[in-house]
Amino acid sequence: MTTPRTASLRLVLLLRVSTAGQIDGYGLESQEKDSRKWARTVGPSLGGVRIVKVCTDGGITGKAADDERPGLHEALALIAAGEADGILAPNMDRIARELTVQEATLSVVWAHGGRVFTADHGEHLADDDDDPMRTFVRQVMGAAAQLERGIIAKRLRNGRKVKAANGGYAHGAPAYGQKAADKELTVEEDEAAVLARMREWQAEGASIRAIADRLNAEGIPTKRGARWHPTTVNRLLNPVARQAARDQSARTRTAERDETKRRRADRMLSRLT
């Protein structure tokens, strides 16, 4: 176990909320209250605990690495500079939601001689070659928590897919010609009229490019207020092209998420040197 640098343990209090819903649920005030209660109750057995700084990440996912989270970045910097002896958080989920980010964060703290505490667990001891079970249990618990969150997220996604398949509004920006009202899709009259004209022009033999040029010439904006391009028109008038664009967007999002995970882990681990 690392020896505290001071008689009174100097800890950075780390808080995080990722959505507005959490602010109404386990929000920042509740997190700080639970953490300070732990410090008052358990602190004396540690020689005293002094909160030297409250670092907050508001509206930031726990999957993000420290350079994407100002609060976590500041907490790690204080430990690296010797101005704090460790981190205190209400639970491990506030430090990180993803196992790779969790482990990288803990490694950074321990590499600088810091300690990690959570109000619901106490101290998370640094890895010890003579006690491999310690690492195993922590990582299994982290993986289990990540699995639970993943299952909940999947259930929500499946619910949105079922709603969309049944013709309901699930999520995302409404298509051209539609608008969202009270969580349901309704017709956007002006856009629907433009879309009908586009189909008429297509039936008359106008090319996709000609339709785009005509829309721009008449000063009709796209859904986002931009100029029309042939690809945009094609997605609206060609169901096959529209589905292909959706499939490509899904593949791109998946690749971007995977790459983001790798970059976050690499950046966190680079701070060990």
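Me: Before we start, what do buried, exposed and partly exposed stand for here?

Reply: Buried means under 20% relative accessible area, exposed means over 50%, and partly exposed lies in between (1.4 Å probe, protein chains only). One more thing up front: this is a predicted model, where local features need pLDDT of at least 70 and side-chain atom pairs count only at pLDDT 80 or more, while totals for chains, interfaces and linings use all residues. Residues are numbered from 1 along each chain as its sequence is written, and side-chain values use heavy atoms, with hydrogens and water left out.

Me: Thanks! Why is Ala 212 called buried?

Reply: Its relative accessible area is 1%, and the cut-off for buried is under 20%, so Ala 212 counts as buried. You will find Ala 212 in helix α8 (residues 208-217); helices are DSSP runs of H or I with at least four residues, strands are E runs of at least two, and both are numbered from the N terminus. Ala 212 also lies 5.7 Å from Pro 230, C-alpha to C-alpha, with their positions 18 residues apart in sequence.

Me: And what makes Arg 157 partly exposed?

Reply: Arg 157, in helix α6, has 41% relative accessibility, so it counts as partly exposed.

Me: Which residues share the positive patch with Arg 157?

Reply: Lys 154, Arg 160, Lys 161, Arg 253 and Arg 257 gather there with Arg 157 on the surface. The elements giving two or more residues are α6 (132-165) and α10 (239-270), and α6 gives the most, with four. Patch members have over 30% relative accessible area and no salt bridge; like charges are joined within 9 Å, and nonpolar side chains (Val, Leu, Ile, Met, Phe, Trp, Tyr) within 5 Å. A salt bridge is a side-chain nitrogen of Lys or Arg within 4 Å of a carboxyl oxygen of Asp or Glu.

Me: Why does Val 137 count as partly exposed?

Reply: Val 137 has 37% relative accessibility, so it counts as partly exposed. This α6 residue joins Met 133, Phe 136, Val 140 and Met 141 in a nonpolar surface patch, with about 480 Å² of accessible area together.

Me: How do you know that β4 pairs with β3 and with β5?

Reply: Two strands pair if DSSP finds at least two bridges between them. Strand β3 (residues 86-89) and β4 have four, in the parallel sense, and β4 and β5 (residues 122-124) have three, in the antiparallel sense. Gly 86 has Arg 115 as its bridge partner in β4, while Phe 117 stands opposite Glu 123 in β5.

How values were computed. Accessible areas come from the Shrake-Rupley method with a 1.4 Å probe; for residues, only the protein chains shown count as cover. Lys and Arg count as positive and Asp and Glu as negative; His and the chain ends are not counted. The place of a charge is taken as NZ of Lys, CZ of Arg, CG of Asp or CD of Glu.
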